[in-house]
Amino acid sequence: MNVLVIDDDQLVCASLKTIIEADDGISVIGLGHNGQAAIDLYKDLQPDILLMDIRMQEMTGLEAGEQIIKDNPAAKILYLTTF
Amino acid sequence: MQKLVDKMILFICCLALFVSMVDAVYKIVAVLIAIIFAALLSYVDGKKLTIGLFLAYVGLCFYNLDLVYFLPLILYDIVSGDLIWLSALLILPYLVGIDGLPLAARLMIPLFMGLGFFLKQRSSSLELMKNEYHLLRDNAKEAAILMENKNRDLMEKQDYELNLATLAERNRIARDIHDNVGHLLSRSLLQTGALLAVTKDEVTKAGLTQMKETLTEAMDSIRNSVHDLHEESFDLEVEIQTLINQFSFCPVTFKYDIANNPPKEIKYCFIAVIKEALSNVIRHSNGTQVKITVREHPGFYQLIFWDNGRVELMGQGIGLLNMEDRVKALKGNVNIETANGFRIFISIPKILRSKYECFSD
């Protein structure tokens, strides 16, 4: 299973990648740090699952998600939030 | 009262003159007639009656000269206002009877008339001043009451603003903790998780697991504090007032009668219902007035939403069903009446907080 991870905190991205890839069946095929990167990377990589932070600078995860769903109605997006 | 005293003074003066000057058997008749007319003139209110009584007395003076002695008393009631011209008529019986009057009476009667005129002017101006004083006092009292009300309104507004500022500050603190400490903790948790995923050494793994548990505990503690702060900062009255301020479709009357802050589940439910109901007014009602009442009763919380528009209930819309679902989840009741405008009654029982926990997110 291919996963795309988007979070504006690079350390969080790297940590998530390490944790996720500990499972042999899942691989992280890309990392991004803002909403626009999520849209662009989703288009290029077409992951099975997009794991994305909600609050990010410039474009939020929710805004990016709306755009991605519009272009790919079958997209599967999993949001991350602290609380 | 002052006028009565004046008339008594005049009567005593006239009586003294009359008794000292006239020596007739039936002189009491003139005194009685004068008393009756003076009393009637004080008693009657109408202008026509006053003129009639006065003319009758003047007429009687031609038949009974003794009555001329009491002309100053009769003059008292007509000497002010627009009847003052009548006083000129008094000269007639006086002139007609002047030959029959002793010299002292000829002098004293005009003197008493002058006294009557003076007393009447003095009493009238006193009364005028008294009325002005009462008016001034009433106005001052009204102004004081108005000022008191304005002060109270200002104090209430100040309390409201203070409450609003406190809530905003609590919210800001909650957000800051969430954004800063919360984020750092979750990052540490993820890093620990990542290290745990790659570490093969059992000793390091055990240490990392302990660290992860500590961080998770810290995270839970912070999360609870932030939730509590956020819950405290969520004031039902302020939130409803904010919704009303944003609603410009028609005027809204809002009554809030809740002493204790209700549980957050009820607050969220009421807010959602009011939002839905206000949006229904815009979309489906021709109402021109909305009333929202939120009350606390010993056993339950009540929300009454009413608008004076006519609504055709085409079955039950999604909005109304959502309302029912929300209220029923808290063991409450929804009643909708369309007889006189559109009215939603909602009552939610007060139950222990722990019982709500299964409904909360």
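This text walks through two sheets and the helices that pack on them. The model is predicted.

Start with chain A. Four strands form an open sheet in the order E2-E1-E3-E4, with parallel pairing. Its edges are strand E2 (27-32) and strand E4 (77-80), each of which pairs on one side only. From one strand to the next, the twist averages 20°.

Inside that sheet, look at strand E1 (residues 2-6) and strand E3 (residues 49-53) of chain A. They pair in the parallel sense over four bridges. One pair to locate is A:Val5 and its bridge partner in E3(A), A:Leu51. Helix H3 (residues 61-71) of chain A packs on the sheet and touches E1, E3 and E4. Its direction makes about 155° with that of E3(A). Helix H2 (residues 35-45) of chain A lies across E1, E2 and E3, and runs at about 145° to E2(A).

Now turn to chain B. Here an open sheet of five strands follows the order E1-E2-E3-E5-E4, and the pairing is mixed. Strand E1 (252-257) and strand E4 (333-337) of chain B are the edge strands. Neighbouring strands are turned by 10° against each other on average, direction ignored.

Strands of a sheet pair through backbone hydrogen bonds, in either a parallel or an antiparallel sense. In chain B, strand E3 (residues 300-307) and strand E5 (residues 342-349) pair in the antiparallel sense, over eight bridges. B:Phe300 has B:Pro349 as its bridge partner in E5(B). Helix H9 (residues 264-284) of chain B packs on this sheet, touching E2, E3 and E5, and its direction makes about 10° with that of E3(B). Helix H8 (residues 236-246) of chain B lies across E1 and strand E2 (290-296), running at about 180° to E1(B).

Key:
Residues numbered from 1 in each chain as written. Chains lettered and ligands numbered in written order. Predicted model: local features only at pLDDT ≥ 70, side-chain atom pairs only at ≥ 80, totals over all residues. Pairing = 2+ DSSP bridges. Helix = DSSP H or I, 4+ residues; strand = E, 2+ residues; numbered from the N terminus. Axes fitted to C-alpha atoms, helices over the stretch in contact; angles between N-to-C directions. Contact = placed C-beta atoms within 7 Å.
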